[in-house]
Amino acid sequence: MNESKHVEVWNRCLQIIKDNVPAISYRTWFEPIVPLKLENNVLTIQVPSPFFYEYLEEQYIDILRKTLRKELGNNAKLEYSVVMENDSSSSSTKRKPYTIKYPTNNQSQLKNKPVSMPFNSEESSIKNPFVIPGIKKLHVDPRLNPDNSFSNFIEGECNRLARSAGEAVADNPGGTAFNPLFIYGESGLGKTHLSQAIGIQVKEKYPEKTVLYVNSHKFQTQFVESIRNNNKNDFLHFYQMIDVLVIDDIHELAGKEKTQEIFFHIFNHLHQTGKQLILTSDKPPIEMQGIEQRLLSRFKWGLSADLQAPDFETRIKILKHKIYNDGIDINPDIIEYIASNITINIRELEGALISLLAQSTLNKKEINIDLARQVIDKLVKHSRKEISVDYIQKIVCDYFEINPDELHSKTRKREIVQARQIAMYFSKSMTKSSLASIGSQIGGKDHATVLHACKTVNNLIDTDKQFRQTVKNIEKKLKI
């Protein structure tokens, strides 16, 4: 038999399969399969996991049987080489293949009967490693705020796509093309509200489904605790039994390689079992740094929907809805004044209204345009733009008149290195980002490089008068 015959046969099978299954199913379940050999009408294929094998047997055994018989005749047989993951290392080892013999009777008997394993060993049966007896009976608090419902989420041009996709997901979790649903936008635009609204509606429509909302920081903390307490598998199994998983601020996993690795396995299992994933971030996947490429590619599998700053009409609607819920009456001119002056995000808009109501109640003043002006003037005057690593890089590059691409290059030119170190220094002192996250966003460096940069800048501030003045000038620009 020609050495490449098994590849030719499998490729012909794939041509038939490709025409008979959805494109996304083909990519997920058939492209990863590797044909290994063909001997005596037995085709051996390699699949990446025990779960992968079980899913093929459950969902696609009919089409596999038909295509193989078409190519090899009625005596065709299929043998799986299942890659088993070793918990103690990242390497994978192959176990003895599991041979599946097709019976000669009808299709339904083949589909409904368990497949026999015709070899004698202690591994004579294969079990789904993700199923823990009794775990489905556990009650999981979804951690959802009932106020963050769809009825309280005001729709506008700025969020229509994201909201529509969210409602579609809530109506049919795991059953739409929006999996994962990746919601992104600046802080205060409603990402948490919308993601929780989906979870709330799922619980209302499907009470039996397990829904969980968790932010990335909490997820990271739980994972570290599981390592410390030697119960990493329990952590993994817990998240793999969730039906609808909402991870807020997924960008905060930047630079956290071990947490990203465990989340990769959780993501794969949930996606492959038809469970719903909802992720939020301050950036679209294409702009995220410090996140592994294999995760970023999966973030793009579903739909990425952005939330933009609300336009004037939407801001008016938000204020009116808030006022109605609070049972108060405010002159339309005052509402328009607030909406005209607070434009950055929804959180600040609602904060301005709360401040106005507090001033009126505590000081026993009538809510009029003068009081509104006093409140808004203070908020606008004292509000300061949230400083990010990206913003710091922009200001530093503008100051030194260099291209941002140079900051990320590997050049060792003195002025570029110094600009990069100053950017790292301010990122550490003016943001909440970790050293690893800062390094990944500024030139793809590690945390040790960031630490060295900060020490270097501090030393130069103490010893170099001209350098000290440079740092002060940049600091002033950052605080404007």
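This report describes a predicted model of one chain, first as a whole and then at helix 12 and at Q441.

Residues are numbered from 1 along the chain as its sequence is written, and side-chain values use heavy atoms, with hydrogens and water left out. Because the model is predicted, local features need pLDDT of at least 70 and side-chain atom pairs count only at pLDDT 80 or more, whereas totals for chains, interfaces and linings use all residues.

The chain holds 21 helices and ten strands, where helices (H or I, at least four residues) and strands (E, at least two) are DSSP runs numbered from the N terminus. Of its 480 residues, 45% are buried, that is, under 20% relative accessible area with a 1.4 Å probe, counting protein chains only.

Helix 12 reaches 21 Å from its first C-alpha to its last, close to the 21 Å expected at 1.5 Å a residue, the expected span being 1.5 Å times one less than the number of residues. Its buried residues are T314, R315, I316, I318, L319 and I323, and what covers them includes the two other helices in the table.

| Helix | Residues |
|---|---|
| Helix 12 | 312–326 |
| Helix 13 | 332–341 |
| Helix 14 | 346–362 |

At the N-terminal end of helix 12, D311 acts as a cap, with a side-chain oxygen 3.3 Å from the backbone nitrogen of E313, while G327, just after the helix, takes a positive phi of about 70°.

Q441 belongs to helix 19, which covers residues 435–441, and is buried, with a relative accessible area of 11%. Leaving aside neighbours within four places in sequence, Q441 is in contact (heavy atoms within 4.5 Å) with K283, Q289, V389, D390, Q393, H408 and S433.

Key
Buried < 20%, exposed > 50% of the residue type's maximum accessible area, 1.4 Å probe, protein only. Polar contact = N/O pair within 3.5 Å; in protein donor to acceptor, adjacent residues only side chain to side chain.
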